[in-house]
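Welcome! Here is a short guided tour for anyone meeting this structure for the first time. Please keep the sequence and the 3D view at hand as you read.

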Amino acid sequence: QAHFVESGGGLVQPGGALRLSCTAAGLGSYINVVAWYRQPPGKQREVVADVSFGGAPTYQDSVKGRFTISRDNAKDTVYLQMNNVEPDETGIYYCNYILADRDWGPGTQVTVSS
């Protein structure tokens with residue numbers, strides 16, 4: 001069972017950029033699909049993007065053209081490049097397998113505010 005650890009969050013102004021990272025030991029050693037999830041304050045967690053073992057991405061419509069998900073299997077790491085961020089994208093960002101319902105990491109807080 002992978003233990004995901006997220007990093008890279010912080011305070012960013014609207015229109016700014018952040019790069020999130022997620023690591024889990026051995027993540028690049030077996031076939032899997034990893035997703036970035038977002039949980040806004042007071043709301044449920046939702047999928048933002050996911051990436052297959054081979055690097056094929058899928059995005060939520062609202063982030064297409066602005067966010068890029070990628071992975072480096074040699075480093076057991078998945079990234080989320082967030083460009084032109086918007087205030088309603090504030091929340092805690094988690095990574096986990098797609099369709100996961102347990103074993104969540106601590107997440108990383110992203111606050112989009114001027």
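Is Asp61 buried or exposed? Asp61 is exposed, with a relative accessible area of 61%; here buried means under 20% relative accessible area, exposed over 50%, and partly exposed in between (1.4 Å probe, protein chains only).

Before going on, a word about the model. This is a predicted model, in which local features need pLDDT of at least 70 and side-chain atom pairs count only at pLDDT 80 or more, while totals for chains, interfaces and linings use all residues. Residues are numbered from 1 along each chain as its sequence is written, and side-chain values use heavy atoms, with hydrogens and water left out.

**Charged pairs**

Side chains of opposite charge can pair when their charged atoms come close. A salt bridge is a side-chain nitrogen of Lys or Arg within 4 Å of a carboxyl oxygen of Asp or Glu, and a search of the whole structure finds 5 of them. Among them are these pairs:

| Salt bridge | Closest N and O atoms |
|---|---|
| Lys64 and Asp61 | 3.0 Å |
| Glu46 and Arg38 | 3.2 Å |
| Glu86 and Arg66 | 3.9 Å |

The pair of Glu86 and Arg66 links distant parts of the chain, 20 residues apart: Glu86 sits in the loop between β8 and β9, and Arg66 in the loop between β6 (57-59) and β7. Strands such as these are DSSP runs (E, at least two residues), numbered from the N terminus. Glu86 is partly exposed at 32% relative accessibility, whereas Arg66 is buried, with a relative accessible area of 10%. Arg66 and Glu86 also join Glu89 in a network of salt bridges. As for the pair of Glu46 and Arg38, Glu46 is partly exposed at 29% and Arg38 is buried at 4%.

**A buried arginine**

What does Arg71 do without a salt bridge? Arg71, in strand β7, is buried, and the nearest side chain of opposite charge, Asp76, is 7.3 Å away (Lys and Arg count as positive and Asp and Glu as negative; His and the chain ends are not counted). The side chain of Arg71 does make a polar contact of 2.8 Å with the side chain of Asn32. Such a contact is a pair of N or O atoms within 3.5 Å; within protein, one must be able to donate a hydrogen and the other to accept it, and residues adjacent in sequence count only if both atoms are side-chain atoms. The Arg71 side chain also reaches the backbone oxygen of Ser52 at 3.3 Å.

**The disulfide**

Cys22 and Cys95 form a disulfide (a pair of cysteine sulfur atoms within 2.5 Å), with their sulfur atoms 1.8 Å apart. Cys22 lies in strand β3 and Cys95 in strand β9, so the pair ties together parts that are 73 residues apart in sequence. Both Cys22 and Cys95 are buried.

**The nonpolar core**

A nonpolar core is a set of buried Ala, Val, Leu, Ile, Met, Phe, Trp, Tyr and Cys residues joined through side-chain atoms within 4.5 Å. The largest one has 25 residues, of which Phe4, Trp36, Val78, Leu80, Met82 and Tyr93 touch the most other members. Elements giving two or more residues to this core include β3 (18-23), β8 (77-82) and β9 (91-97). Leaving out residues up to four places away in sequence, Leu80 is in contact (heavy atoms within 4.5 Å) with residues including Leu18, Trp36, Val48, Ile69 and Tyr93.

Note on methods: Helices (H or I, at least four residues) and strands (E, at least two) are DSSP runs, numbered from the N terminus.
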